[in-house]
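Got the viewer open? Load the model, switch to cartoon view, and let's walk through it one selection at a time.

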Amino acid sequence: MAARLDRTDLKILRLLQNNGRLSNADLAETVAISPATCHRRTQRLFEDGFIAAVRAMVAPKKVAKGTLVMVGVVLDRSTPESFAIFEQAIAKLKFVLDCHLVAGDFDYFLKIRVGDMEDFNRIHGEQLIALPGVRQTRTFFVMKEVVDNAPLEF
């Protein structure tokens with residue numbers, strides 16, 4: 001798919017990735033194309049799936065979600081059915097920001113934001129360990145976020 005993108009498309013993607021609030025007029029001027037052409041190209045990037053969404057990045061501490069927790073999950077069975085059941089259940093939990101099927105010691109890694117350790121303890125005891133097929137969890141409290149949501153390099 002990347003072959004369908006020319007230099008102008010790539011420049012539009014890079015600019016929007018760094019600032020999703022750029023107006024079409026500002027974007028067009030920076031890329032050196034007309035606003036109408038810029039709008040058509042941007043719409044095509046959305047339609048073709050190169051841009052999945054545009055959203056604001058909320059500062060977690062400002063909304064009382066300053067504690068970042070990574071959780072490794074091991075399921076009791078490694079079958080397509082058990083994975084599907086777990087994935088269906090985890091997708092319903094709004095406090096889970098990311099869920100990744102991984103290779104290695106864990107089946108899944110979860111990225112969770114909570115207010116504090118007490119908040120996580122409640123969530124862990126009431127919801128995480130009750131998920132279908134969960135045999136074990138291992139919790140990692142993030143002490144410092146060094147790189148988070150960095151722009152894609154392309």
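Start by selecting Leu75 and Val134: Val134, in β4, is the bridge partner of Leu75. Strands here are DSSP runs of E at least two residues long, helices are runs of H or I of at least four residues, and both are numbered from the N terminus. Two strands count as paired if DSSP finds at least two bridges between them.

Before going further, some housekeeping. You're looking at a predicted model, where local features need pLDDT of at least 70 and side-chain atom pairs count only at pLDDT 80 or more, while totals for chains, interfaces and linings use all residues. Residues are numbered from 1 along each chain as its sequence is written, and side-chain values use heavy atoms, with hydrogens and water left out.

**Stop 1: the sheet**

Now colour the strands. There are 4 of them, forming an open sheet in the order β2-β3-β1-β4, with antiparallel pairing. Look at the edges: β2 (96-101) and β4 (134-141) each have a single partner strand, so one side of each is left without a neighbour in the sheet. From one strand to the next, the twist averages 20° (axes are lines fitted to C-alpha atoms, for helices over the stretch in contact, and angles run from 0 to 180 degrees between N-to-C directions). As a general reminder, strands of a sheet pair through backbone hydrogen bonds, either parallel or antiparallel.

**Stop 2: β1 and its partners**

Select residues 67-75, which make up β1. On one flank, β1 and β4 pair in the antiparallel sense over 7 bridges. β1 also pairs with β3 (residues 108-114), antiparallel and over 7 bridges. You can step along that second pairing: Thr67 stands opposite Val114, Leu68 has Arg113 as its bridge partner, and Gly72 is matched with Phe109.

How many residues of β1 are buried? It's 8 of the 9, so the strand is largely enclosed by the rest of the structure. Buried means under 20% relative accessible area, exposed means over 50%, and partly exposed is in between (1.4 Å probe, protein chains only).

**Stop 3: across to β3**

Slide over to β3, where 6 of the 7 residues are buried, so this strand too is largely enclosed by the rest of the structure. Its pairing with β2 is antiparallel, with 5 bridges; show Cys99 and you'll find it opposite Leu110 in β3. Follow the hairpin of β2 and β3 through the 6 residues between the strands, and pause at Gly104, which takes a positive phi near 125°.

**Stop 4: two side chains in β3**

Show Tyr108 as sticks. Tyr108 sits in strand β3 and counts as buried at 1% relative accessibility. Its side chain makes a polar contact with the side chain of Glu87 (2.6 Å). A polar contact is a pair of N or O atoms within 3.5 Å; within protein, one must be able to donate a hydrogen and the other to accept it, and residues adjacent in sequence count only if both atoms are side-chain atoms. Leaving aside neighbours within four places in sequence, Tyr108 is in contact (heavy atoms within 4.5 Å) with residues including Val71, Phe83, Phe86, Cys99 and Leu101. The C-alpha atoms of Tyr108 and Val71 are 8.1 Å apart, though 37 residues separate the two along the chain.

Next, Lys111, also in β3. Is this lysine buried or exposed? Lys111 is buried, at a relative accessible area of 11%. Its side chain has a polar contact with the side chain of Asp148 (2.8 Å). Beyond four places in sequence, the contacts of Lys111 include Leu68, Met70, Phe95 and Leu97.

**Stop 5: two positive phi angles**

Jump to Ala64, in the loop between α3 (35-47) and β1. Ala64 isn't a glycine, but has a positive phi of about 60°; it is exposed, with a relative accessible area of 54%. Then pick Asn149, in the segment after β4. Asn149 isn't a glycine either, and has a positive phi of about 55°; this residue is exposed, at 52%.

**Stop 6: zoom out**

Finally, colour by domain: domain 1 is 7-47 and domain 2 is 60-141, with bounds from an automatic or database domain assignment. Their centres, taken over C-alpha atoms, are 37 Å apart. Select 5-66 as well, where an unreviewed UniProt entry places "domain: HTH asnC-type"; UniProt positions follow the numbering used here, feature names are shortened, and annotations may be inferred rather than shown by experiment. That stretch is 53% helix and 0% strand, with its end C-alpha atoms 38 Å apart.
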